[in-house]
Amino acid sequence: MKLHIDWTACDGRGTCTELIPEVLAQDPWGYPLPVDGSRQPEVPPDLESFTRRAVAYCPRLALRLR
Amino acid sequence: MTAVATPLLGAADWLSEPLPWQGRRLIGSLERAGLTGRGGAGFPTWRKVAAVAVGHRPVVIGNGAEGEPASAKDRTLLTTVPHLVLDGLQLAAEAVGAVDCYLYLPGPVTGHITRAMAERAGRDRFAVTLVPAPDTFIAGEESAVIAAVAGGRALPTDKVGLVVESGLRGRPTLVQNVETLARMALIARYGPDLFRGHGGFLSTVSGAVVAPGVYEAPQGIPIGHLLELAGGPATALAAVLVGGYHGTWLPIADAVSAPMSAAGLAPFGATPGAGVLYALPTALCGLVETARITDYLAQQSAKQCGPCRNGLPAMADTLRRLADRERDGRLPDHVARLAALVANRGACHHPDGVVRMVRSAMRVFATEIDAHLAGRCSTMEGR
């Protein structure tokens, strides 16, 4: 599955980058930075449950799995 | 080489000819004609029209916003041949079976269109609602257009689906640039075959040419010929910015023979965009110009998305230091790092467009960068 980031909602709280650092690093301003460099990073199956948690815990509701 | 079979500009009074209504048959004509969108993205028009036509209660929006400072072709079209644009809007609405029809326009041309709409009373089948477009760079971005037509601010929104399926208030929506609409009207009137292979495009040529302005030429015309249409270089040229502020710098030696078409510019990593050319004279420093344009684009960020809001001003500041000949050898790497940070990270493609332009500047003005880092500038030689 792919992870979609709503950049208009995200304000760089950092919850996601702590939960799934394999998928999202942090940029110098605190915003999520897809490790694979893509617009919608691919989520490996073994990280799907952690990613679902990141989606649910995002205080800005800026993430969705699709 | 400069002949266009069915020109838009300098053409007759379209109002005296009946509207060539043809329903969905227009979609096949658009495919055969090979018409692509003239707002900048260059997407095949027929695909968008066909996708919207199968939806429930579709909407058509003519997009006349032209935030690009180096472009004037849309406002030229709207003020000189408003009826051709309005005919195209009617035909597009008919082709998709539109329920609602809008025309999104910058303030200065609204008077022309209001007058034209009064002149054509009784000609149209679809009522057109005019919506004002603010004078910002991103006002014409598709999701910003839809937001504005919905009554909100003209700001890009997060994209979760396709606008052709779910656009204005969740309805299938066709957003089409006004030049594309005018071309559609010509294709409906004269058939697709005249357009195919001889299709024209409007180009705004500015900078160091004798007669800056809007010109019409066949697709694939060498950029050098297009500069000649604008009276030729006013002085020795160093480079051409192709495709506008989101475009690509080409050194003049490459530019003169490069064909102005998607296929012809692909080897240079460029696209025709909305047909914009900006000619840089040797007397102006490419790095100073790039810093100026980047600064403008950073200010024009909607400032909704973190990477764009933070990254573009940082990139503009770094380029300014490079342009000012600050002797810090880390500056080019810093530009490259910032470009990688903002690319692909935003609700719209504004950051990506800035990155394309800046990366091309770093390639094309590489010698100038070395000179600047040594405290010199080519434009100051011999002074």
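Reader: Before I count anything in chain B, what counts as a helix or a strand here?

Author: Helices are DSSP runs of H or I with at least four residues, and strands are runs of E with at least two. Read that way, chain B has 16 helices and nine strands. Keep in mind that this is a predicted model.

Reader: And how compact is chain B for its length?

Author: Compare the radius of gyration with what the globule rule gives. For chain B the radius is 21 Å, close to the 21 Å from the rule for 383 residues, so the chain is as compact as a globular protein of that length. Along the principal axes, its C-alpha atoms fill a box of roughly 70 × 45 × 35 Å. Buried residues come to 52% of the 383.

Reader: What share of the contacts in chain B links residues 24 or more positions apart?

Author: Counting contacts with a separation of 6 or more, that share is 72%.

Reader: Let's zoom in on a helix pair. At what angle do α1 and α2 of chain B pack?

Author: Look at the angle and the axis distance together. Helix α1 (residues 25-33) and helix α2 (residues 45-53) of chain B pack at about 160°, and their axes are 8 Å apart. Angles over 145 degrees count as roughly antiparallel, so that is what α1(B) is to α2(B). The crossing is left-handed.

Reader: Which residues make that contact?

Author: From α1(B) you get B:Ile27, B:Leu30 and B:Glu31, while α2(B) brings B:Thr45, B:Trp46, B:Val49, B:Ala50 and B:Ala53. By class, that's six nonpolar, one polar and one charged.

Reader: Now a single residue: is B:Gly207 buried or exposed?

Author: Count C-beta neighbours; 20 or more within 10 Å means buried. B:Gly207 has 21 inside 10 Å, so B:Gly207 is buried. You'll find B:Gly207 in strand β5 (residues 200-207) of chain B. Leaving out residues up to four places away in sequence, B:Gly207 touches B:Tyr278, B:Ala279 and B:Leu280. B:Gly23, on the other hand, is 184 residues from B:Gly207 along the chain, with 43 Å between their C-alpha atoms.

Reader: Last one: how many residues does each chain put into the contact between A and B?

Author: The size of an interface is often given as the accessible area lost when the parts come together. Here we go by residues: 13 from chain B and 13 from chain A. On the chain B side, helix α13 (residues 306-323) supplies the largest share, three residues. That side has five nonpolar, six polar and two charged residues.

Terms used. Residues numbered from 1 in each chain as written. Chains lettered and ligands numbered in written order. Predicted model: local features only at pLDDT ≥ 70, side-chain atom pairs only at ≥ 80, totals over all residues. Rg over C-alpha atoms; globule rule 2.2 N^0.38 Å. Buried ≥ 20, exposed ≤ 12 C-beta atoms within 10 Å, placed from the backbone. Contact = placed C-beta atoms within 7 Å. Axes fitted to C-alpha atoms, helices over the stretch in contact; angles between N-to-C directions. Parallel < 35°, antiparallel > 145°, perpendicular 65-115°, else oblique. Left-handed = near helix turned anticlockwise from the far one by under 90°. Nonpolar A, V, L, I, M, F, W, Y, C, P; charged D, E, K, R; others polar.
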